[in-house]
Amino acid sequence: HDALMSELSPAEGMKVLDVGSGTGDTVLAVAREVGPKGKAVGIDFTEEGIAKARKKAQDSGVDGIAEFRLADAEKLPFEDEAFDAVISECVVCLTADKQKVLAEKVRVLKPGGRVIMHDVISWAPMPEAIRKDPRLYCGCIGGAVSMKDYRYMMEKAGLVDIKAVDHSDQIRKRLSAGILSAALELRENDKAFDEITDFLRKDGIGYALFVGTKPKN
């Protein structure tokens, strides 16, 4: 989160979109920096998250600057070139059509604007047992792709000056613990369990910050 905010360096007047804003903490942090003329907008697919985020915005006095909408990352409800920056934290890896999500982020971005995202990545081939386990898929993990694949998808979406910074060491233990606890419930399937523990032994799961710019011309 700190690395993402540092990269974004929100300033007064900026319009920023957070895709998958959860209960809104990042949007509120951005709103405090971009107000009073800027806008921090969060979209999420859970009504509960949006309701909590709106309540937080009212309580913290930034409800005119922070805005939350129920929406789908694959079909953003905004016009083209509406935002100076589009951010997300551990969201793209959860989506069914990652390329579509990236394309939508680029569409709503002003020329010269940036996409900034943290996401789970994989450093080794993902075992089928992880990909197929809904608990792991929903935990950001089953949908992870390699850093190279991620960069390729960003390029295909039209982004340039792509930067990828590996933050795996800071978060790997927590992610691996989550995978391992789910794997322990698969003990009756020894092959799947062995594949998962081997994946973890190879430090297969990681986390990275990705930044890309929409060309001006």
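Lysine 15 in β1 has lysine 39 as its bridge partner in β2. This is a predicted model, in which local features need pLDDT of at least 70, side-chain atom pairs count only at pLDDT 80 or more, and totals for chains, interfaces and linings use all residues. Residues are numbered from 1 along each chain as its sequence is written, and side-chain values use heavy atoms, with hydrogens and water left out.

Start with the strands. Strands (E, at least two residues) and helices (H or I, at least four) are DSSP runs, numbered from the N terminus. Strands of a sheet pair through backbone hydrogen bonds, either parallel or antiparallel. Here, two strands count as paired if DSSP finds at least two bridges between them. β1 and β2 run parallel and are joined by 5 bridges. From β1 the chain crosses through helix α2 (residues 25-34) to β2, and this β-α-β crossover is right-handed. Right-handed means that, with the strands pointing away from the viewer, the path from the first strand over the helix to the second runs clockwise. β1 also pairs with β4, again in the parallel sense, over 3 bridges. There, aspartate 18 has isoleucine 87 of β4 as its bridge partner.

Now take the whole sheet. It is open, has 7 strands and mixed pairing, and follows the order β3-β2-β1-β4-β5-β7-β6. Which strands form the edges? They are β3 (66-70) and β6 (160-166), and each pairs on one side only. The twist averages 15° from one strand to the next. Such angles run from 0 to 180 degrees between N-to-C directions, and the axes are lines fitted to C-alpha atoms, for helices over the stretch in contact.

Look at the β3 edge. Strand β2 (residues 39-44) runs parallel to β3, with 5 bridges between them. Isoleucine 43 stands opposite arginine 69 in β3. Helix α3 (residues 47-59) lies across β2 and β3, at about 165° to β3. Helix α7 packs on the sheet too, touching β5 (109-122), β6 and β7. Its direction makes about 155° with that of β6. Contact means heavy atoms within 4.5 Å.

Next, the interior. Of the 5 residues in β1, 4 are buried, that is, under 20% relative accessible area (exposed is over 50%, partly exposed in between; 1.4 Å probe, protein chains only). In soluble globular proteins, nonpolar side chains tend to be buried together. A nonpolar core is a set of buried Ala, Val, Leu, Ile, Met, Phe, Trp, Tyr and Cys residues joined through side-chain atoms within 4.5 Å. The largest one has 31 residues, and Leu17 and Tyr150 have the most contacts inside it. Elements that each supply at least two of its residues include β1, β5 and α7. Apart from it lies another core of 24 residues, among them Ala31 and Phe68.

Finally, the rings. The whole structure holds 2 aromatic pairs. Rings of Phe, Tyr and Trp (its six-membered ring) pair if their centres lie within 6.5 Å; planes under 30 degrees apart are stacked, over 60 edge-to-face, and the rest tilted. Phenylalanine 78 and phenylalanine 83 are edge-to-face, 5.1 Å centre to centre with 90° between the planes. Tyrosine 150 and phenylalanine 210 are stacked, at 4.0 Å and 10°. This pair links distant parts of the chain, 60 residues apart: tyrosine 150 is in α7 and phenylalanine 210 in β7. Why does tyrosine 150 count as buried? It counts as buried because its relative accessibility is 1%.
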